[in-house]
Amino acid sequence: MTIPFLDLKSPYVELKDELDVAYRRVMESGWYILGKEVEAFEVEFATYCETKNCIGVANGLEALQLIVRAYDIGAGDEVIVPANTYIATWLAVAHAGAMPVAVEPDERTYDINPAKIEQAITSKTKAILVVHLYGQPADMDPINILARKHGLKVIEDCAQAHGARYKGRKVGSLGDAAGFSFYPGKNLGAIGDGGAVTTNDPDLADRIRVLRNYGSRIKYHNEVIGYNTRLDELQAALLRVKLSRLNEWNERRKEIAQTYLQQLNDIQSLTLPFVPEWAEHVWHLFVIRHPERDLLQQKLADAGVGTMIHYPIPPHLQPACAHLGLAEGAFPLTEAIHREVLSLPMGPHLLPSQVQTVINTVGRCL
């Protein structure tokens with residue numbers, strides 16, 4: 001492939017000296033779980049997200065799962081989730097024994113549609129789990145108003161939106177608690193798996209710190225049935241280096257997105273991303289729509305341009321969710337989006353010449 005969809009090596013090459021120093025610091029410390037590197041990263045990431053607390057955990061799914069568990073949401077409860085998302089959002093609810101109740105997206109932003117949430121709320125609803133999909137914040141003000149009206153918690157899934165802002169405020173600080181993923185391809189990615197919870201609720205933070213470590217705050221004294229889901233020292237040390245570059249790398253993504261938006265705008269058959277004036281998008285993904293998506297993807301592949309589909313099958317049509325009894329047609333807008341979306345190459349190390357090649361190739365293919 002001439003232009004890969006994602007380049008994971010270049011970030012290491014750019015930061016090689018600093019990452020290698022961080023690696024050696026941890027290896028020579030002789031301390032690899034829940035030490036000074038995790039403590040320092042938690043302080044630095046909480047500051048970055050403008051929250052009072054950060055708890056490092058093993059991955060993004062377990063970050064969300066711990067929040068749901070810490071709020072005592074379980075069997076017999078319901079959690080509102082986006083129909084248009086990656087399945088991890090639904091899995092976090094299902095693992096707690098609760099029922100994910102899906103709501104269709106806003107057709108322009110692809111994030112959950114606040115106007116459709118209230119009709120999905122029942123006496124069993126305990127929380128609204130919002131996803132800032134592709135790097136664009138969801139419309140949080142009406143969601144928070146609804147949550148207060150019905151006494152619900154608001155949980156943010158920030159796996160794709162490190163550094164994004166809603167009306168000037170950072171994601172991760174917009175609800176009661178938020179879960180982040182540091183999967184290698186994320187805007188802030190580890191060299192392996194990693195995740196974090198951010199919250200301004202000190203009691204929730206304390207519960208999650210205990211839950212992540214076998215239900216224990218004192219070694220060999222277990223208060224509750226907990227998990228083993230901890231961010232390790234090595235990933236924390238590497239993430240500290242990359243966090244220092246996150247704003248700069250997000251700016252590079254924004255420049256690429258602006259070039260795509262300006263130069264693909266004249267192709268009538270494409271639907272380009274829409275960014276509301278209140279959103280500061282960080283472009284984890286640049287997602288276009290086309291009615292003949294599969295043919296376009298094949299033509300781009302033949303021309304050497306790598307693309308991905310986020311996502312080819314919506315959660316409600318996955319075999320893993322068959323027990324929910326949601327047949328094809330249950331969420332028509334979500335299903336249409338999943339049939340038509342295509343993600344173009346995006347990342348802070350994509351060269352201007354590569355961006356231009358992608359644009360020219362898309363133009364020739366349509």
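A residue counts as buried when its relative accessible area is under 20%. By this cut-off Tyr166 is buried, because its relative accessible area is 1%. The structure described here is a predicted model, and Tyr166 offers a convenient way into it.

Tyr166 belongs to strand E6, which covers residues 165-166. Strand E6 runs antiparallel to E12, and two bridges join them. One of the residues involved is Tyr166 itself, whose bridge partner in E12 is Ala279. Together with E7, these strands make up an open sheet of three strands in the order E7-E6-E12, with antiparallel pairing. Strand E7 (169-170) and strand E12 (279-280) form the edges, each pairing on one side only.

The wider framework is provided by a second open sheet, this one of seven strands, and its pairing is mixed. Reading across the sheet, the strand order is E1-E9-E8-E5-E4-E2-E3. Strand E1 (53-57) sits at one edge and strand E3 (99-103) at the other, and each of the two pairs on one side only. From one strand to the next, the twist averages 25°. Within this sheet, strand E8 (residues 177-181) and strand E9 (residues 195-199) are paired in the antiparallel sense through five bridges. Ala177 and Thr199 of E9 stand opposite each other in this arrangement.

Helix H4 (residues 60-70) packs on the seven-stranded sheet, where it touches E1, strand E4 (125-131), strand E5 (153-157), E8 and E9. The direction of helix H4 makes about 160° with that of E8. Helix H5 (residues 88-95), in turn, lies across strand E2 (78-82), E3, E4 and E5. Relative to E2, helix H5 runs at about 175°. Strands E4 and E5 thus appear among the partners of H4 and also among those of H5.

Helix H4 also has a helical neighbour. It packs with helix H7 (residues 202-212) at an angle of about 120°, and the two axes are 10 Å apart. The crossing of H4 and H7 is right-handed. On the H4 side the contact is made by Leu66, Ile67, Arg69 and Ala70, and on the H7 side by Leu204, Arg207, Ile208, Leu211 and Arg212. Sorted by class, the residues of this contact comprise six nonpolar and three charged, with no polar ones.

Turning to the side chains, the structure holds 10 aromatic pairs. In one of them, the rings of Phe45 and Tyr48 have centres 6.3 Å apart and planes at 10°, so this pair is stacked. Both residues lie in helix H3 (residues 36-49), three residues apart, which is about one turn of the helix. Phe45 and Tyr48 are both buried. A contrasting geometry brings the description back to Tyr166: the ring centres of Tyr166 and Trp278 are 5.0 Å apart and their planes stand at 70°, so the pair is edge-to-face. This pair links distant parts of the chain, with Tyr166 in strand E6 and Trp278 in the loop between helix H9 (246-263) and E12, 112 residues apart. The two partners also fall into separate exposure classes: Tyr166 is buried, whereas Trp278 counts as partly exposed, at 24% relative accessibility.

Finally, the stacked pair in helix H3 is part of a wider aromatic group. Ring pairs link Phe45 and Tyr48 with Phe41, Phe180 and Phe182 into a cluster.

Conventions
Residues numbered from 1 in each chain as written. Predicted model: local features only at pLDDT ≥ 70, side-chain atom pairs only at ≥ 80, totals over all residues. Heavy atoms only, no water. Pairing = 2+ DSSP bridges. Helix = DSSP H or I, 4+ residues; strand = E, 2+ residues; numbered from the N terminus. Axes fitted to C-alpha atoms, helices over the stretch in contact; angles between N-to-C directions. Contact = heavy atoms within 4.5 Å. Left-handed = near helix turned anticlockwise from the far one by under 90°. Nonpolar A, V, L, I, M, F, W, Y, C, P; charged D, E, K, R; others polar. Phe/Tyr/Trp six-rings, centres within 6.5 Å; stacked < 30°, edge-to-face > 60°. Buried < 20%, exposed > 50% of the residue type's maximum accessible area, 1.4 Å probe, protein only.
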